[in-house]
Structure formats: structure tokens, C-alpha cells
Amino acid sequence: VAEFVFLVEQYLMSLDMCVEVLPRFVQIELNGVYSFSNLMEHVETFRSEADKAGKNHILIVARAVEGKMTESEKFFVGTRIAEVFGARLKTAVIMAPGNITKMGEMAAINRGARLFITESESEAIEWLEKPSVAVQT
């Protein structure tokens, strides 16, 4: 019975997403209860929303998401973002204070993604709007 209750709770936990296309980027606001599998599934949706809007910049506002990510989950989400977004999508994520360790950001950047995670909306928007420096090899 306990296992069944756990599975039902996992199914009911989900992130709600509100998408707004702004002049310079797509803003995706997340609300609800965090689950690793749900967030991993949403990574493709984030890219799809940017593609539909014809934008290469995404602002993800995740301050209201309930729950904590483990360090390994941050690593795997960062890796997935790099796989799905590549270097084309420049993405800033605003998280609640006390939840940032940079593990996901570093995992993504080390795999070629352009990702910035912060608690500050103004920092996130400033970073998104700043021209990227071309990487020379």
C-alpha cells in the first residue's frame, strides 16, 4: 500500500508552466512541486517553446517551485540542457534563494551550453541581453 501511495504522489507531483513570448526572449514560469522526471521531460518543452516563438533566449523563472534538487539531479539536468539546447539557446534560470550551487550550470557549460543560474531577475535579464562572446578554437 505504501508503495502505491508513493507512486500516486509521484504522478500527482508536477510542474505547471506558463509561457510568455517577450520581445527579446521567451519567459517560462514554473510553479508546482519539483520532481526530477518531470523536469527532465520539460527540458524538451522549453526548447520547443523557444523554437515556436523563433527565439534563441529563454528566461526560466523557477522561484516558486517547491522541493529541492540533489546535486546529482542538478548535474543530470544540466547535462540534459546541454544535449537538448546546445549552444544555440542562451538560457537564464531564476531560482529561490538558498537553492543554487552551480552544479547544473557547470555541467551544462562544460558541455557547450549557454546557461546562467541566479537568484536575481535583474542579473538574469542582464546576462541574457548581453551579447555572447564568440568562442575561438
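Trainee: What pattern does the protein chain follow, read along the sequence?
Mentor: The order is α-β-β-α-β-α-β-α-β-α. Keep in mind that this is a predicted model.

Trainee: How many helices and strands is that?
Mentor: The protein chain has five helices and five strands.

Trainee: And how much of the chain is buried?
Mentor: Buried residues are 39% of the 137 residues in the protein chain.

Trainee: What about contacts between residues far apart in sequence?
Mentor: Take the contacts with a separation of 6 or more. Residues 24 or more positions apart account for 71% of them.

Trainee: OK, the inside. How many residues does the largest nonpolar core have?
Mentor: That core has 25 residues. Those with the most contacts inside it are Ile28, Leu30, Phe46, Ile58, Ile60 and Phe85.

Trainee: Which elements supply it with at least two residues each?
Mentor: β2 (26–33), α2, β3, α3 and β5 each do that. The largest share comes from α3, with five residues.

Trainee: Is there a second core, or just the one? Which residues does the second core include?
Mentor: There is a second, separate core of nine residues. Among them are Leu59, Ala92, Ile94 and Trp127.

Trainee: Does anything sit by that tryptophan? What lies over the face of Trp127?
Mentor: Lys90 lies over the face of Trp127. The distance to the ring centre is 4.7 Å.

Trainee: Back to the big core. What does Phe46 touch?
Mentor: Leave out residues up to four places away in sequence. Phe46 then touches Met17, Ile28, Leu30, Leu39, Ile58, Ile60 and Phe85.

Trainee: Now α3. How many residues, and how far does the helix reach?
Mentor: α3 covers residues 71–85, which is 15 residues. From first C-alpha to last, α3 reaches 21 Å. That is close to the 21 Å expected at 1.5 Å a residue.

Trainee: Which of its residues are buried in α3?
Mentor: Glu73, Lys74, Val77, Gly78, Thr79, Ile81, Ala82, Val84 and Phe85.

Trainee: What do the buried residues of α3 pack against?
Mentor: Two helices and three strands are the partners: α2 (36–53) and α4 (103–109), plus β3 (57–66), β4 (90–94) and β5 (114–118).

Trainee: And just after α3, what happens at Gly86?
Mentor: Gly86 takes a positive phi of about 60 degrees.

Trainee: Which residue other than glycine has a positive phi?
Mentor: Lys102 is one, with phi near 75 degrees. Lys102 sits in the loop between β4 and α4. Its relative accessible area is 30%, so Lys102 is partly exposed.

Trainee: Switching topic. How many aromatic pairs are there in the whole structure?
Mentor: A search finds two. One of them joins Phe75 and Phe76. Their ring centres are 5.4 Å apart and their planes are at 80 degrees, so the pair is edge-to-face.

Trainee: Why does that angle make it edge-to-face?
Mentor: Because planes over 60 degrees apart count as edge-to-face, and these are at 80 degrees.

Trainee: Are those two rings buried or exposed? How does Phe75 count?
Mentor: Phe75 counts as partly exposed, at 28% relative accessibility. Phe76 is also partly exposed, at 45%.

Trainee: Now His42. Where is His42 found, and is it buried or exposed?
Mentor: His42 is in helix α2. The residue is buried, with a relative accessible area of 13%.

Trainee: What lies 2.9 Å from a polar atom of its side chain, for His42?
Mentor: The backbone oxygen of Asn38. Leaving aside neighbours within four places in sequence, His42 is in contact with Leu15, Met17 and Leu30.

Trainee: And Glu105, buried or exposed?
Mentor: Glu105 is buried, with a relative accessible area of 8%. This residue lies in helix α4. Beyond its neighbours within four places in sequence, Glu105 is in contact with Leu115, Phe116 and Ile117.

Trainee: Last one. Where is Pro23?
Mentor: Pro23 is in the loop between β1 and β2. At 73% relative accessibility, Pro23 counts as exposed. Pro23 and Lys55 are 32 residues apart in sequence but 9.0 Å apart in space, C-alpha to C-alpha.

Trainee: What does Val21 touch?
Mentor: Val21, in strand β1, touches Ala53 and Lys55, not counting residues up to four places away in sequence.

Definitions and conventions:
Residues numbered from 1 in each chain as written. Predicted model: local features only at pLDDT ≥ 70, side-chain atom pairs only at ≥ 80, totals over all residues. Heavy atoms only, no water. Helix = DSSP H or I, 4+ residues; strand = E, 2+ residues; numbered from the N terminus. Expected span 1.5 Å × (residues − 1). Buried < 20%, exposed > 50% of the residue type's maximum accessible area, 1.4 Å probe, protein only. Contact = heavy atoms within 4.5 Å. Phe/Tyr/Trp six-rings, centres within 6.5 Å; stacked < 30°, edge-to-face > 60°. Lys NZ or Arg CZ within 6 Å of the ring centre and 35° of its normal. Core = buried A, V, L, I, M, F, W, Y, C linked by side-chain atoms within 4.5 Å. Polar contact = N/O pair within 3.5 Å; in protein donor to acceptor, adjacent residues only side chain to side chain.
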